[in-house]
Amino acid sequence: MPFHALGLAPALAQAAAELGFTTPTPIQAAAVPAVLGGGDVLATAQTGSGKTAAYVLPLLQRLIASPGHTPRRVRVLVLVPTRELAAQVGEVVRSLAQHLPTKTKTAVVFGGVSINPQMLALRGGADVVVATPGRLLDLVEHNALKLNSVDVLVLDEADRLLDLGFADELSRVLALLPEARQNLFFSATFPSAVQELANRLLREPRRIDVPGIQVEEAVVVQQAYLVDTNRRTQLLRQLIKTQGWQRVLVFVATQYLAERVAAKLHQGDLYATSFHGGLSQGARKQALDEFKEKRWDVVVTTDLAARGIDISQLPVVVNYDLPRSAVDYVHRIGRTGRAGASGLAVSFVTPASEAHWHLIEKRQGLSLPLEVVPGLEPTEVVPVVEAGGGVKGKRPSKKDKLRAAALHAGGDPLKP
Ligand code: AMP
């Protein structure tokens, strides 16, 4: 089904085509007509599903149908949890709007950088404002914009907005908005806090549930390697070299480790850098831009990069440290195999994290062979007390204890 069949004007279908979007993704097919209809929307949506264009396209159509911005009047407000997502959504709005006959002004505002350029950018008003909540409130306090005539509010990644502690800011922003408006609510998950917010905010919403991030084996090939904790960097370097991997995103558990692993790889002949929340906004932006421009071979990151950020066609994702949960695993491997391109997701499993890995596998309905690279056979001994400890809140099962005991003895009774 082509875009225009969803009720989009030819100019917008053309704008989509210029970005290479010829066929709507499932969320676009469902959300575009709903948003055009003017009602509230409650959508389960993940990054990678095409959710941004799913609301940007119909909102642009509504804007060009009644053009003209007035000073300090914002017509569409998109709230997002992170600076990176703000920049990314802003880019989608600008690229889809650039060829339209009617000019649409978009401002992107987020914290961590100087407020002055953002105040300047808002001079003369903006039709679309994409913002993180804290900086938006600062700008309102500086009288740089008013929110009392917002027609449409979009909450993108609502679950993360709440996770990151934006609930107070969100309430303050909501209090500044007019009662009569359209609300579009996108969230990857629906824990009770998100559900409550949705109940409070939305009126008879159209509910849209599209399949989650695609992790079919055909799209994302998944592999697991068993390796000792202190030989993971060596394994990573070896795999990059022997498999000819290019543009690898490596997930580690801490900011410290991100720095250390990147530095170690960089000492060799790999272009490696780190990307995490401890870096300045400038350094984060630079690392991401340069990675997108393919100037780095490897970016070592924390879960900061697991969600929201779209780096198209990322070929390889490595879990150097395993994610804490199966949900995080899905988000991480969703960084590859995007929009139909195939990708590779590799997990490093250590003897100590093996029980945790099997739990992730079980939740994912996976059963991957644990590969061992010759010369890097695991020798690490897992202390019995820690055998089941890899799984937070779960006591070691009988199986875990058996396995740990056997590993001490040099075998594994649960393996053939
Ligand atoms: P999003 O979920 O909005 O972050 O989008 C994920 C990726 O899918 C982005 O790289 C988009 O450029 C791409 N995309 C969005 N819509 C389509 C479409 N209809 N056809 C192909 N690619 C798309």
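A salt bridge is a side-chain nitrogen of Lys or Arg within 4 Å of a carboxyl oxygen of Asp or Glu. Keep that definition in mind on this tour of a predicted model, which holds 13 salt bridges.

**First stop: D151 and R75.** Select these two residues and you will find their side chains meeting in a salt bridge, with 3.8 Å from N to O. D151 belongs to the loop between α6 (133-141) and β5, while R75 belongs to strand β2, so the pair ties together parts that are 76 residues apart in sequence. Now show the surface around both residues: D151 is partly exposed, with a relative accessible area of 32%, whereas R75, at 7%, counts as buried.

**Second stop: strand β5.** Next, select residues 152-155, which make up strand β5, and display their side chains. V152 and V154 point one way from the strand, L153 and L155 point the other way, and all of them are buried.

**Third stop: the neighbours of β5.** Add residues 74-79, which form strand β2, and you will see that β2 and β5 pair in the parallel sense over 4 bridges. Then add residues 182-187, strand β6, which runs parallel to β5 and is joined to it by 4 bridges. To follow the pairing at the level of single residues, pick out L155 in β5, which stands opposite L79 and also opposite F185 in β6.

**Fourth stop: K51 and D156.** Move on to D156, in the loop between β5 and α7 (158-163), and select K51 together with it; the two side chains meet in a salt bridge at 2.9 Å, N to O. Because K51 lies in helix α3 (residues 51-65), this pair ties together parts that are 105 residues apart in sequence. Are these two residues buried or exposed? K51 counts as buried at 3% relative accessibility, and D156 is buried as well, with a relative accessible area of 0%.

**Fifth stop: D269 and K241.** Now select D269 and K241, whose side chains meet in a salt bridge of 2.8 Å, N to O. D269 is found in the loop between α11 (255-267) and β10 (272-275), and K241 in helix α10 (residues 232-243), so the parts tied together here are 28 residues apart in sequence. On the surface view, D269 is exposed, with a relative accessible area of 55%, while K241, at 44%, counts as partly exposed.

**Last stop: a network.** Finish by selecting E290, E293 and R295, which are joined into one network by salt bridges that share partners.

Conventions: Residues are numbered from 1 along each chain as its sequence is written. This is a predicted model: local features need pLDDT of at least 70, side-chain atom pairs count only at pLDDT 80 or more; totals for chains, interfaces and linings use all residues. Side-chain values use heavy atoms; hydrogens and water are left out. Buried means under 20% relative accessible area, exposed over 50%, partly exposed in between (1.4 Å probe, protein chains only). Helices (H or I, at least four residues) and strands (E, at least two) are DSSP runs, numbered from the N terminus. Two strands pair if DSSP finds at least two bridges between them.
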